[in-house]
Amino acid sequence: MKRDELNRGAGTVMVVDDEAMVVGAIQGFLELETDHRVLPFTSPRAALERLREEAVHTIVADLMMPELDGVEFLTRARQVRPEATRILLTGYADKENAIRAINEAGLFQYIEKPWDNDALGFAIRNGVERSLLFRALSDRMGELEAAHEELAGFRERWIHAFL
């Protein structure tokens, strides 16, 4: 990952809600106010298929959807793309669903409808940054593991050469 990508903070955001009007409103807001690429979906099953093909940085999903509820969708999304930040959007806020979402889906943020665009934008921006940082850390750890293996091989060759 390039440092400028991390500094720019632009990412891919998937929006999943069975109401096209909600998806359109969030998509319009993000396209006007951010540099994020938006993947809009009214079907959680179609969104899961797309996740298998393409990485995203942040996923915003509604709680109440007919095909899959938001917690189940985000739980499955977590299995496919664990590095993606997960945000649950709901008009039915209750403690039980919040706890379930946090425990099962590894939720980053729980936002109630009607949402405040500034708060939603802030959560998405932080979610994208979190995902980009996770990717940068993962890449760096891979580099360190490769260097460690190279050093271990060098050490073995050195010991055999001199002993």
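This passage describes the confidence, sheet and nonpolar cores of a predicted model.

The chain has an average pLDDT of 90. A score of at least 70 is reached by 94% of the residues. Residues 1-7 stay under 50 in pLDDT. For this stretch the model has 10 contacts beyond four places in sequence.

An open sheet is formed by five strands. Their order is 2-1-3-4-5, and the pairing is parallel. Strand 2 and strand 5 (109-112) each have a single partner strand, so one side of each is left without a neighbour in the sheet. Both stand at the edges. On average, neighbouring strands are turned by 20° against each other, direction ignored. Strand 3 and strand 4 (residues 85-90) run parallel and are joined by five bridges. Opposite Leu89 of strand 4 stands Asp62.

The largest nonpolar core holds 22 residues. Met14, Val16, Ile59, Phe73 and Leu74 have the most contacts inside this core. Two or more residues each come from strand 1 (12-16), strand 2 (37-41), helix 3 (44-53), strand 3 (58-62), helix 4 (70-80) and helix 5 (95-105). Helix 4 gives the largest share, four residues. Phe73 illustrates the packing. Leaving aside neighbours within four places in sequence, Phe73 is in contact with Met14, Val16, Pro44, Ala47, Leu48, Ile59, Ala61, Met65 and Leu68. Another core lies apart from the largest one. This other core has 18 residues, including Val13, Val23, Val38 and Leu120.

Key: Residues are numbered from 1 along each chain as its sequence is written. This is a predicted model: local features need pLDDT of at least 70, side-chain atom pairs count only at pLDDT 80 or more; totals for chains, interfaces and linings use all residues. Side-chain values use heavy atoms; hydrogens and water are left out. A nonpolar core is a set of buried Ala, Val, Leu, Ile, Met, Phe, Trp, Tyr and Cys residues joined through side-chain atoms within 4.5 Å. Buried means under 20% relative accessible area, exposed over 50%, partly exposed in between (1.4 Å probe, protein chains only). Contact means heavy atoms within 4.5 Å. pLDDT is the predictor's confidence in each residue, from 0 to 100. Two strands pair if DSSP finds at least two bridges between them. Axes are lines fitted to C-alpha atoms, for helices over the stretch in contact, and angles run from 0 to 180 degrees between N-to-C directions.
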